[in-house]
Each structure stands twice: as structure tokens, then as C-alpha cells.
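Me: I'd like to go through this model and check which labels hold up against their cut-offs. Could you take my questions one at a time?

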Amino acid sequence: MKSAKRSAALRGAILLLGAVALTGCGTIRGWFSSDDDKPNTTDPAPLVEFTSTATPERIWTAGAGKGEGRIGVRQAPAVGDGRVYAAAVRGGVRAFDLQSGAQVWHYPSDLRLSGGPGHGEGLVVVGGLDGEVVALDAATGTERWQAKVGNEVLAAPVIGQGAVIVRSNDGRVTAFDVATGERRWFWVRELPTLTVRGHGSALLGPGLVFVGNDDGTVVALSIADGRVLWEQLVGPPDGRTELERMADIDGTPVLDGTVVFATSYKRNTMAIDGPTGRPLWVSDRGGVGRLGVAPNLLAVSDPAGTVWGLDKRSGSAMWQQDGLARRDLTSAVVHGNYVVVGDYDGYLHWLQLDSGQFAARARAGRDALRGTPVVADGILVVQNVDGNLSAWRIGQ
């Protein structure tokens with residue numbers, strides 16, 4: 001009796017498998033096939049083919065020393081008075097001629113110089129991972145003074161109106177006298193539990209210091225004494241988890257006339273009246289880095305790798321470029337008639353200013369580009385994480 005039952009069960013199983021084989025072939029293939037052929041939506045987007053409409057020309061390269069590697073400080077050069085000033089975590093500070101790349105001077109140092117340089121009022125100022133602040137003569141590279149803050153300096157110091165403004169990684173902004181290095185005042189904003197690594201520099205306006213904070217706010221401080229004059233929320237830190245609440249304004253705000261533009265990791269961008277702090281408009285397109293500014297347009301790369309062109313008067317999207325998804329883009333800059341971003345694989349991408357379409361591509365090297373490219377006198381200069389600089393012109 002048991003044998004008959006086993007035979008019936010076996011015949012039933014064979015019939016069931018046969019039915020599945022005849023009617024469920026797609027399901028069977030799904031069970032046993034590999035997903036290797038499916039696109040991985042976490043990988044950087046492959047570079048798309050396009051017909052170039054512009055020609056990048058590399059005009060020089062130079063080395064600033066041992067770069068930041070994986071520290072995550074997004075080191076970038078400063079340009080002024082026809083020179084490029086660059087610092088390295090190991091290797092000191094160097095000045096190069098903007099047109100030729102020839103080295104003008106070198107300040108050797110054993111300090112781990114991570115923040116800057118900044119340039120202004122005849123000084124080049126850098127900050128270190130151990131809180132050092134070093135001011136150099138911009139013409140010769142000789143040391144003028146040193147000071148100290150209580151935490152690592154990851155952003156370039158800002159120099160102007162008789163002050164050197166240094167932002168350290170503990171949420172503190174410190175003002176030093178430009179001539180002596182004596183501390184004038186400091187201001188502190190408490191940091192959220194979880195933030196993006198690094199932050200942007202402060203921004204100077206007439207009598208004001210604008211600071212974008214890790215809690216999604218922009219504040220205006222008096223340059224005379226550090227008093228808070230106004231505060232505006234750009235990226236609301238809402239969400240159920242600390243990760244969802246991240247709202248950092250890590251890119252330096254931009255001042256255009258009397259309007260301050262700031263963008264947040266929450267993907268909000270806001271135009272703010274500089275004297276009063278009154279919001280003029282807000283857009284839900286934005287990113288953690290700095291905005292590029294053209295006469296009628298703002299350019300911003302968001303955390304997903306989309307580059308947006310926003311109308312400067314309203315914040316509405318004029319175009320978007322999705323072809324660089326997940327490529328860990330730098331902040332966007334405007335280079336002539338183009339928007340430029342760099343990526344994790346050392347590529348520079350030029351996009352048409354009026355449409356966002358790809359116009360040109362060139363590789364600055366095999367190391368990642370993290371710091372914001374700098375444009376001056378029609379030349380774009382970028383520094384990679386290995387400490388190497390390259391300068392570019394763009395032609396039709």
C-alpha cells in the first residue's frame with residue numbers, strides 16, 4: 001500500500017515538473033540565470049559617445065607636491081595677479097605663472113597643508129590638518145606670520161577687508177588681522193551628528209562674512225566683530241535618520257551683485273538678498289558643491305551626478321544633463337561658453353552653456369578630480385588628488 005502511494009506521488013511530481021517546463025520556461029530561466037548582464041545602477045555611468053563641438057587644449061602641467069589622496073578635502077588652487085597658487089598635504093606651497101606654468105617660488109614645509117590656499121591683499125594663506133594657519137607673501141613666498149585654530153582646516157582661508165577668515169572643521173569661523181595674524185574674533189556653529197566630509201570657504205561681502213553651515217543654513221556675520229546679522233535656512237534637515245537629515249552647504253556661497261546664491265546636499269538652491277537675508281527664490285535642484293555663475297544661468301552638479309542649468313532670476317531648470325550619473329562630480333564652473341565638471345576618473349567635461357549638451361571631453365590624468373576647477377583669463381586650472389595641476393584653454 002505504501003509502495004502504491006509512493007508511486008502515485010512520484011508520478012504527480014513528474015507531471016508537475018513537466019507542466020512547469022511547458023508553461024513556465026521564463027520562470028525557470030529566472031531562477032537559474034545570472035544577473036551579470038543587467039546594468040548595475042550603483043556603478044558610475046559609462047561615458048557616452050558624442051560629436052565634439054569644442055577643442056580643449058592642455059597648455060601646461062605642474063606638480064604641487066603629494067596630494068590629498070583619500071583624505072577628502074577637495075583641494076584646489078587659487079588664482080590671482082597672473083599666478084596660480086597651490087598647496088599640497090606634503091610639499092608646501094608653490095606659485096606658478098598662469099600663462100606658462102613656470103614655477104615662481106616654493107615655500108617648503110613639513111606641515112600637512114590641507115586647506116587652501118587663499119589669496120588676497122598681498123598674502124597667500126593656507127591651513128593645516130593640525131590647525132595651523134600660515135600666511136605667506138604672495139610676491140616672494142616668504143612667511144609673514146603663523147597662527148593656530150583648534151581643529152583641522154579643510155577649506156581655503158579668505159582674505160579681504162583687513163582680515164583673514166579661517167573656517168575649521170569643528171564649525172568655528174575665526175578672523176585674524178591680515179597684517180599681524182592676531183585673532184580678532186571667532187564664531188561657532190554646533191555640528192549635526194552626521195555631515196559630509198569637508199566644507200566650503202566663507203564668502204566676503206561689503207562688511208559681511210557669509211557662511212554656509214552643515215545644518216543647511218547660511219548666516220551673515222559682521223566682519224568687524226563676528227555678530228550674526230541674519231540667518232536663512234536653505235536645506236531643511238528633515239528625515240527619520242541622521243543620513244536623511246544631512247543638509248550640508250559644503251560649497252562656498254556665491255555673491256552676484258547683492259544676491260547670495262547657496263546650494264545644499266538636500267538638493268535645494270536658494271537666492272538670498274545679501275543685505276537683509278530675505279529669500280528671493282528657492283529651487284529643488286541643487287547639490288553639495290559650489291555653484292557656477294554665468295550672466296543668466298547658475299550651474300550645479302547634484303549628488304546623483306546630474307548637472308543642472310538654473311535660471312538665475314527664478315531658479316527654474318533651463319536644462320539638465322544626466323549622462324554623468326554616479327561619477328562623483330566636482331562643483332560646476334563656467335569656462336567661456338561652457339559649464340565644466342571633473343569626475344572620479346580624471347576626466348573634464350565641457351557642456352554647452354545654453355543647452356547642457358556635451359561639447360568636449362579631456363582627461364587631466366588618471367587620478368580623481370575632487371577640488372573645484374578655477375577659471376581666470378580664459379584659462380581653467382584643476383588639481384587632482386595626487387597634487388598635479390593642469391591648465392586648459394577651450395576653442396571652437
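Reply: Gladly, and accessibility is a good place to begin: buried means under 20% relative accessible area, exposed over 50%, and partly exposed in between (1.4 Å probe, protein chains only). This is a predicted model, numbered from 1 along each chain as its sequence is written, in which local features need pLDDT of at least 70 and side-chain atom pairs count only at pLDDT 80 or more. Totals for chains, interfaces and linings use all residues, while side-chain values use heavy atoms, without hydrogens and water.

Me: Why is Thr140 called partly exposed?
Reply: Thr140 has a relative accessible area of 44%, which lies between 20% and 50%, so the middle class applies. Thr140 lies in the loop between β8 (132–137) and β9 (143–148); strands here are DSSP runs of E with at least two residues, numbered from the N terminus.

Me: What makes the link between Thr140 and Thr142 a polar contact?
Reply: The term asks for a pair of N or O atoms within 3.5 Å, one able to donate a hydrogen and the other to accept it; residues adjacent in sequence count only if both atoms are side-chain atoms. The side chains of Thr140 and Thr142 meet at 2.9 Å, so the distance is inside the cut-off. Thr140 also has a C-alpha separation of 8.2 Å from Val104, 36 residues away along the chain.

Me: How do you know that Asp81 is unusual in its backbone?
Reply: Most residues other than glycine have a negative phi, and most peptide bonds are trans. Asp81 is not a glycine, but its phi is positive, about 55°. Asp81 sits in the loop between β2 (78–80) and β3 (83–87), and its relative accessible area of 67% makes it exposed. Arg326, also not a glycine, has a positive phi of about 60°. Its place is the loop between β25 (317–321) and β26 (333–335), where Arg326 is partly exposed at 35%.

Me: What is the geometry of the peptide bond from Gly116 to Pro117?
Reply: That bond is cis, with omega near 15°. Pro117 belongs to strand β6 (residues 113–120).

Me: Why is the pair of Trp145 and Phe176 called tilted?
Reply: Rings of Phe, Tyr and Trp (its six-membered ring) pair if their centres lie within 6.5 Å; planes under 30 degrees apart are stacked, over 60 edge-to-face, and the rest tilted. Among the seven aromatic pairs of the structure, Trp145 and Phe176 have 6.1 Å between centres and 40° between planes, so they pair and fall into the tilted class. Trp145 is in β9 and Phe176 in β12 (residues 172–177), so the pair ties together parts 31 residues apart in sequence. Trp145, at 5%, is buried, and Phe176, at 2%, is buried too.

Me: What makes Thr330 buried, and which residues does it touch?
Reply: Its relative accessible area is 2%, which is under the limit of 20%, so Thr330 counts as buried. The residue is in the loop between β25 and β26, and its side chain reaches the backbone nitrogen of Gly342 at 2.9 Å. With neighbours within four places in sequence left aside, Thr330 contacts (heavy atoms within 4.5 Å) residues including Ser301, Val341, Leu369 and Pro373.

Me: How do you know that Gly356 is buried?
Reply: Gly356 has a relative accessible area of 0%, so it meets the under 20% condition. Gly356 lies in the loop between β28 (347–352) and β29 (358–363). Beyond its neighbours within four places in sequence, it contacts Trp319, Gln321 and Leu351.

Me: Why are β1 and β30 called edge strands?
Reply: Strands pair if DSSP finds at least two bridges between them. In the open, antiparallel sheet β1-β32-β31-β30, β1 (55–63) and β30 (374–376) each have a single partner strand, so one side of each is left without a neighbour in the sheet. Three bridges join β30 to β31 (residues 379–383), so this pair satisfies the rule of at least two. Within it, Val374 stands opposite Val381.

Note on methods:
Helices (H or I, at least four residues) and strands (E, at least two) are DSSP runs, numbered from the N terminus.
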